[in-house]
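Colleague: I'm new to this one, so please pick a single part, take me through it closely, and then show me what surrounds it along the chain.

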Amino acid sequence: MYQEESIYKRYQRGFTLDSELTEPAYWLAFGRGRMLVTPDGLHLPCHKSLEELGITPVRTQYLGILEGKHCFSAELSPDTEALEGTEYLDLMSAYSVLDEDIYLLAGKATQIVTWDQTHQYCGRCSHETEYIPGERGKKCPVCGFMSYPRLSPATITAVIKNKQILLSQYAAFRGRGMHTIIAGFVEPGETLEECIHREVFEEVGVRVKNLKYLKSQSWPFPNSLMMGFLAEYDSGEIKVDETEIANADWFDLDNLPEIPPPLSIARRIIDWVVDTYS
Ligand SMILES: [Zn+2]
């Protein structure tokens, strides 16, 4: 479970391109939340500029070096059409078709694009912001307020009891069959552990103990960092919070209902629990 996957095997991050671009670069370009790809096996467009594709981006950000080539993220205006030789790919479905580390880089790129788009002006005094050299940050030249891309930490926890796992169906998934483990956003002032105790109790009414960190996953919809834990059942009967959860129950590890698709951290944790505790 502690196995590390890293985009840094193929990618070296950067914030500013100090020289003129002389070679084609990779473009991670987003319009209406979808990414521009070439249809030949879902590759990133590789050009000296998006204008070569007939596309004028709203703004661009330098990301660093991917496989020896510079790479950029770009915000496209919502009415930009995919021109010949390109198509749009919904990032959530890209999850299962792109190479995993390209997908991770795309997740990073879309968060940087959104942050840049939504931090054009100072949140304190509304003056136009400026990039901070050598960092992924912006600063207001008038009041000095600084902003950095925001992450929303969330916990996701497999609760186990003997050879059973606690799985629930979100109210939003009702009728679609998928069951998953308990997840929730960390609130201001909370530790990860406090978040888990609160979320599990609020959503399904049971108390847990012996929390153990398993692994994390970036979830760029829109800016979560999911932190996965294992917890043992301590006490209480299942009683669901019906506004968030349709139902919840203990399931035998050899007889699970429909669970989330591969690659999601929820699935990886469930698979790990099955392998470890069956
Ligand atoms: Zn300001």
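**A loop and its surroundings**

Modeller: Let's begin with Pro222, which sits in the loop between S14 and S15. Helices (H or I, at least four residues) and strands (E, at least two) are DSSP runs, numbered from the N terminus. Bear in mind that this is a predicted model, where local features need pLDDT of at least 70 and side-chain atom pairs count only at pLDDT 80 or more, while totals for chains, interfaces and linings use all residues. Residues are numbered from 1 along each chain as its sequence is written, and side-chain values use heavy atoms, with hydrogens and water left out.

Back to the loop. Phe221 and Pro222 are joined by a cis peptide bond, with omega at about 5°. On either side, S14 and S15 make a hairpin, with four residues between them. S14 covers residues 207-219 and S15 covers residues 224-235; they run antiparallel and are joined by ten bridges. Strands count as paired if DSSP finds at least two bridges between them. To put your finger on one spot in that ladder, find Lys215 and look across to Gly228 in S15, which stands opposite.

Now zoom out. The chain is split into domain 1 (7-118) and domain 2 (152-277), with bounds that come from an automatic or database domain assignment. Their C-alpha centres lie 33 Å apart. Even so, nine residues of domain 1 are in contact with twelve residues of domain 2, contact meaning heavy atoms within 4.5 Å. About 820 Å² is buried between the two domains, and carbon and sulfur atoms give 63% of that. On the domain 1 side, Met92, Tyr95 and Gln111 lose the most area to domain 2, together 61% of what that side buries. Buried area here is the accessible area (1.4 Å probe) that two parts lose on being put together, summed over both.

What about polar links between the domains? The rule finds zero salt bridges across this interface, a salt bridge being a side-chain nitrogen of Lys or Arg within 4 Å of a carboxyl oxygen of Asp or Glu. It also finds zero residue pairs in polar contact there, with both residues required to be at pLDDT 80 or more. (A polar contact is a pair of N or O atoms within 3.5 Å; within protein, one must be able to donate a hydrogen and the other to accept it, and residues adjacent in sequence count only if both atoms are side-chain atoms.) Helix H1 (91-94) and helix H2 (100-118) each supply at least two residues of the domain 1 side that touches domain 2. H2 gives the most to that side, with five residues.

Follow the chain past H2 and you meet Ser126, in the loop between H2 and S8. Its phi is near 70°, a positive value in a residue other than glycine. Then there's an open sheet of three strands, in the order S8-S9-S10, with antiparallel pairing. S8 (130-131) and S10 (146-147) are the edge strands, each pairing on one side only. S9 (residues 138-139) pairs with S10 over two bridges, in the antiparallel sense, and Lys139 has Met146 as its bridge partner in S10.

Last stop: the whole structure holds eight salt bridges. One of them joins Lys138 to Asp116, with the closest N and O atoms 2.6 Å apart. That pair links distant parts of the chain, since Lys138 is in strand S9 and Asp116 is in helix H2, 22 residues apart.
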